[in-house]
Amino acid sequence: MKVTLQGMKIRMSQKLCIIGLGFIGSEIIRNLDKFRKKIELSAVFDIDKKKMEEITAKYPKVRLMTSSSDFDDCDIVIEAAIQQVVKEIFNKIVKTEKIFIPMSIGAFITDEKIYSNYIALEKAKRQLIKFPSGAIGGFDAIHSIKQIGIISAKLTTTKPPIVFREQRYIKENKINLSENEKTQVFKGNAKEAAKAFPRSINVGARLALATLGPEETSVEVYSDPFIKKNIHEIEIQSEVGVYRFSFQNNPSPTNPKTSWLAALSIFDTLENRICEE
Ligand SMILES: NC(=O)c1ccc[n+]([C@@H]2O[C@H](COP(=O)([O-])OP(=O)(O)OC[C@H]3O[C@@H](n4cnc5c(N)ncnc54)[C@H](O)[C@@H]3O)[C@@H](O)[C@H]2O)c1
């Protein structure tokens, strides 16, 4: 936030709230010192009361929010919880001038209203929603290619079976997660993928929003017992050329579904797209 005092521009520190205190939320808090004087942790929310109490013990000045929508006194809102939280707060937050950094990006393509509102905001160039690159990257090249056009965009995600074992889609479709061979567990578009795997294929949504949209972006998902990494491979065909990006991510220390890189991408968003503005 900038204020002007006798012609001088003074940047005041921006108040941050974090919803979701799991791996990503905790990682952000642990590293916020990097943004000292620019960003200050002001409020947090998690449905897990123990995690909220831990924050109070460590940071007594941080306010405990009463719900995911209790962010009126903040300038930046980071969501690092679940898709449902994005659905709960989207309508309120887009009516404000706050910067919104969502991690559960799948919500933007599984919920028709959020998707159409988001597209309208983009067209109006009211860009207060900042998507971190998450567990993938290459968006600078993708944006350049998009000026000419994208013919096809495909994400192939391969993760160890442990990531999928308890997921509803796997159980409902009685998919056998072999311990002896790589198994295809999903083939469809990004929208179907974000519905099938709400906690682990956010990258498909991120790619879809940057390329051909939820229905035209292809996603394949594999379970591979011989790997320990979360691998995302992107292929983009265009008149400009053919592009392949490969991301071999180590899972985060506390949540095997989440790649470590995903949390780090938030710092890049805060540093380059907020502090410099
Ligand atoms: N965009 C990407 O590339 C990307 C990559 C990895 C993870 N993610 C997504 O980011 C989100 C956070 O990931 P994580 O690894 O920190 O997850 P996590 O499971 O470690 O933590 C999630 C936290 O949210 C809390 N929570 C759950 N429901 C809530 C609610 N209704 N209100 C408030 N808090 C609630 C949980 O108690 C938990 O503390 C997930 O949705 C995940 O799928 C996105």
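**Entry 1: domains.** I began with the term itself: domain bounds here come from an automatic or database domain assignment. I note that this is a predicted model, in which local features need pLDDT of at least 70 and side-chain atom pairs count only at pLDDT 80 or more, while totals for chains, interfaces and linings use all residues. Residues are numbered from 1 along each chain as its sequence is written. I looked up the division and found domain 1 (2-134 + 261-275) and domain 2 (139-258), with 25 Å between their centres, taken over C-alpha atoms.

**Entry 2: the ligand.** Where does the ligand lie? I found that domain 1 and domain 2 both give residues to the shell around the ligand, so the ligand lies between them. Of the 31 residues around the ligand (C-beta atom, placed from the backbone, within 6 Å of it), Gly22, Ile24, Gly134, Thr258 and Ala262 come nearest. At least two shell residues each are supplied by H1, helix H3 (83-93) and helix H10 (202-210), where helices are DSSP runs of H or I with at least four residues and strands are runs of E with at least two, numbered from the N terminus. By class I noted 15 nonpolar, eleven polar and five charged residues in this shell; Ala, Val, Leu, Ile, Met, Phe, Trp, Tyr, Cys and Pro count as nonpolar, Asp, Glu, Lys and Arg as charged, and the others, Gly among them, as polar.

**Entry 3: the domain contact.** I then looked up the contact between the domains, in which 18 residues of domain 1 meet 18 residues of domain 2, two residues being in contact if their C-beta atoms, placed from the backbone, lie within 7 Å. On the side of domain 1 that touches domain 2, helix H1 (23-30), helix H4 (107-110) and helix H11 (260-275) are the elements that give two or more residues. That side has eleven nonpolar, seven polar and no charged residues.

**Entry 4: Ile78 and its strand.** Leaving aside neighbours within four places in sequence, I find Ile78 in contact with Leu16, Ile18, Ile19, Ile28, Ile101 and Ile266. From strand S6 (residues 76-79), Ile76 and Ile78 point one way, Val77 and Glu79 point the other way, and all are buried, that is, with 20 or more other C-beta atoms, placed from the backbone, within 10 Å of their own. S6 runs parallel to strand S3 (residues 14-19), joined by four bridges, and Val77 is the bridge partner of Cys17. Four bridges also join S6 to strand S7 (residues 99-102), again parallel, with Glu79 opposite Pro102.

Technical notes
A residue is buried if 20 or more other C-beta atoms lie within 10 Å of its own, exposed if 12 or fewer, and partly exposed in between; C-beta atoms are placed from the backbone. Two strands pair if DSSP finds at least two bridges between them.
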